[in-house]
2 protein chains.
Amino acid sequence: MPAQTTKPTKRDQLIDAALELFDAGGFHATGIDAIIARAGVAKMTLYKHFGSKEELIVAALDRQSEDALACMKSKIEASSSDPEERLLAIFDIAEKQCADKGWRGCAFLRASGEFGDLDCAVHAAAANHGARMHEFVSQLCSDAGVTNPACLAQQLLVLHTGAIASAQIAGGTDPVCSARTSARILIDATRAAG
Amino acid sequence: MPAQTTKPTKRDQLIDAALELFDAGGFHATGIDAIIARAGVAKMTLYKHFGSKEELIVAALDRQSEDALACMKSKIEASSSDPEERLLAIFDIAEKQCADKGWRGCAFLRASGEFGDLDCAVHAAAANHGARMHEFVSQLCSDAGVTNPACLAQQLLVLHTGAIASAQIAGGTDPVCSARTSARILIDATRAAG
DNA sequence: TGTATACTAGACTGACCTGTCTGTTTATTT
DNA sequence: AAATAAACAGACAGGTCAGTCTAGTATACA
């Protein structure tokens with residue numbers, strides 16, 4: 001093994017392809033055949049790694065969640081040392097995402113919309129990401145010395161979710177900018193009451 | 001004709017059935033056959049009134065938009081005469097919706113998620129509802145004597161959308177209550193800034 | 001009463017879907 | 001070199017999908 005870069009497993013290739021195609025076309029509308037074609041993998045390989053399309057969707061969402069959180073953490077780490085600025089950075093990150101041409105919206109929101117059944121594993125995967133985000137933002141609030149971190153975190157996350165959802169429907173980044181302004185007001189209000 | 005209640009047209013029956021089934025199972029996952037069965041209507045009747053499934057979806061979303069706005073207007077009319085309370089009432093309405101067992105989320109948000117193509121008529125129908133909501137809430141803000149009604153309206157709508165989207169993913173009404181608290185803070189801040 | 005219109009039931013087409021099966025080839029390990 | 005495991009291509013089954021077609025029935029209007 002000459003290089004440190006381990007070549008991607010078939011499993012990873014499948015998840016990569018699935019994420020791209022689900023993102024472009026939705027979950028129900030994207031077929032297995034298209035996924036294996038893009039991944040360059042045989043159908044039986046897919047069904048060896050994942051028992052069903054639903055399992056693949058769940059695995060893809062789980063990895064998307066890990067990637068998104070890791071990406072967010074590193075960007076926030078690099079953004080500023082001021083804890084309040086770090087809180088606002090989640091909106092800057094969202095703004096860049098929404099500005100991207102071809103941005104189709106939040107995968108977790110779309111998954112929860114397509115798989116409405118709350119007991120469904122796909123819906124649960126989306127809900128898990130929400131919980132992880134709340135945990136992360138609560139920590140950021142805690143670092144900022146807020147009295148009730150979980151409460152402010154929820155307020156900011158509702159704002160964040162709304163910004164992304166509104167941008168998904170309307171296009172553009174206006175909702176995100178608006179949300180950033182609101183976020184600052186909410187943070188200040190919490191500090192003042194604190 | 002003894003009664004004033006005109007019997008519903010086949011078209012209306014189809015839209016009613018479609019809204020119920022789309023709400024329960026999503027747009028792609030709900031088949032034409034299920035819709036006509038629930039509506040008690042022949043398939044050819046559907047294709048006489050609507051040229052395609054997509055047209056039916058658009059018509060259903062358009063009527064949902066009209067109904068939702070009319071319902072919201074009448075409830076707000078009946079809620080309070082204080083303009084600030086009327087603004088907050090949109091969150092009370094959302095809270096009652098989310099509390100309903102079997103609530104599956106916002107139809108427009110789900111539609112925009114399933115039909116990602118911005119040029120698609122379905123996506124446009126969802127975006128139209130967003131624009132109508134903004135117009136309506138801007139008027140409420142204007143009635144409240146706010147300096148920049150469109151700006152506060154967008155802030156409140158991002159909050160409103162985020163509350164509904166978060167509730168769709170996580171279940172429960174916590175995000176809506178949190179959003180209501182945030183809304184009051186944003187309104188006060190706007191007033192203070194005058 | 002005759003005619004046009006709206007609706008009905010259901011068969012049908014062709015495409016696409018998920019998931020399975022088979023037999024072959026490649027890669028790794030012993 | 002032999003054996004084991006993984007991945008291959010592609011046919012196949014069984015089902016569902018959107019949408020069309022046909023032929024018959026009910027309803028309203030002249």
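The side chain of A:Thr30 reaches the backbone oxygen of A:Leu21 at 3.3 Å. That is a good place to start looking around this predicted model. From A:Thr30, the tour below moves to the two domains of chain A, then to the contact between chain A and chain B, and ends with salt bridges, of which the count comes to 21 over all chains.

**Around A:Thr30**

- To find A:Thr30, look in the loop of chain A between helix H1 (10–25) and helix H2 (32–39).
- Is A:Thr30 buried or exposed? With a relative accessibility of 7%, A:Thr30 counts as buried, because buried means under 20% relative accessible area.
- Leaving aside residues up to four places away in sequence, A:Thr30 touches A:Leu21, A:Phe22, A:Gly25, A:Ile35 and A:Lys53. A:Leu21 is thus one of the residues touched by A:Thr30, and its backbone oxygen is what the side chain of A:Thr30 reaches.

**The two domains of chain A**

- The domain assignment divides chain A into domain 1 (1–51) and domain 2 (65–193). Taken over C-alpha atoms, the centres of these two domains of chain A are separated by 28 Å.
- Domain 1 of chain A brings 7 residues to the contact, and domain 2 of chain A also brings 7 residues.
- About 590 Å² is buried between domain 1 and domain 2 of chain A, with carbon and sulfur atoms giving 50% of that area.
- Which three residues supply the most of the area that domain 1 of chain A buries against domain 2 of chain A? They are A:Asp23, A:Phe27 and A:His28, which supply 79% of it, more than any other three residues.
- The rule finds 1 salt bridge across this interface between domain 1 and domain 2 of chain A. A:Asp23 forms a salt bridge with A:Arg110, where the closest N and O atoms are 3.8 Å apart.
- Polar contacts also cross between domain 1 and domain 2 of chain A, with 3 residue pairs found (both at pLDDT 80 or more). On the side of domain 1 of chain A that touches domain 2 of chain A, the residues divide into 3 nonpolar, 3 polar and 1 charged.

**Where chain A meets chain B**

- The contact draws 35 residues from chain A and 35 residues from chain B.
- Between chain A and chain B, the buried area is about 2,900 Å², and carbon and sulfur atoms give 62% of it.
- How many salt bridges are counted between chain A and chain B? The count is 0 salt bridges, while residue pairs in polar contact number 12 (both at pLDDT 80 or more).
- On the side of chain A that touches chain B, the elements giving two or more residues are helix H6 (107–114), helix H7 (121–143), helix H8 (149–170) and helix H9 (174–193) of chain A. H8(A) provides the largest share, with 11 residues.
- Sorted by class, the side of chain A that touches chain B has 15 nonpolar, 15 polar and 5 charged residues.
- Over in chain B, helix H6 (residues 107–114) is mostly covered, with 8 of its 8 residues buried. Among them are B:Phe108, B:Arg110 and B:Glu114.

**Salt bridges to look for in chain A**

- A:Asp16 forms a salt bridge with A:Arg63, and the closest N and O atoms are 2.4 Å apart. Because A:Asp16 lies in helix H1 of chain A and A:Arg63 in helix H4 (residues 53–79) of chain A, the pair ties together parts that are 47 residues apart in sequence.
- A:Asp16 and A:Arg63 are also linked with A:Asp12 and A:Asp67 in a network of salt bridges. A:Asp16 is partly exposed, at a relative accessible area of 32%.
- Another salt bridge joins A:Lys43 to A:Asp33, with the closest N and O atoms 3.1 Å apart. A:Lys43 sits in helix H3 (residues 43–49) of chain A and A:Asp33 in helix H2 of chain A, 10 residues apart. The relative accessible area of A:Lys43 is 40%, so A:Lys43 is partly exposed.
- A:Arg86 and A:Glu77 also meet through their side chains in a salt bridge (3.6 Å, N to O). Of this pair, A:Arg86 counts as buried at 17% relative accessibility, whereas A:Glu77 is exposed with a relative accessible area of 56%.

Methods: Residues are numbered from 1 along each chain as its sequence is written. Chains are lettered from A and ligands numbered from 1 in the order in which they are written. This is a predicted model: local features need pLDDT of at least 70, side-chain atom pairs count only at pLDDT 80 or more; totals for chains, interfaces and linings use all residues. Side-chain values use heavy atoms; hydrogens and water are left out. Helices (H or I, at least four residues) and strands (E, at least two) are DSSP runs, numbered from the N terminus. Buried means under 20% relative accessible area, exposed over 50%, partly exposed in between (1.4 Å probe, protein chains only). A polar contact is a pair of N or O atoms within 3.5 Å; within protein, one must be able to donate a hydrogen and the other to accept it, and residues adjacent in sequence count only if both atoms are side-chain atoms. Contact means heavy atoms within 4.5 Å. Domain bounds come from an automatic or database domain assignment. Buried area is the accessible area (1.4 Å probe) that two parts lose on being put together, summed over both. A salt bridge is a side-chain nitrogen of Lys or Arg within 4 Å of a carboxyl oxygen of Asp or Glu. Ala, Val, Leu, Ile, Met, Phe, Trp, Tyr, Cys and Pro count as nonpolar, Asp, Glu, Lys and Arg as charged, and the others, Gly among them, as polar.
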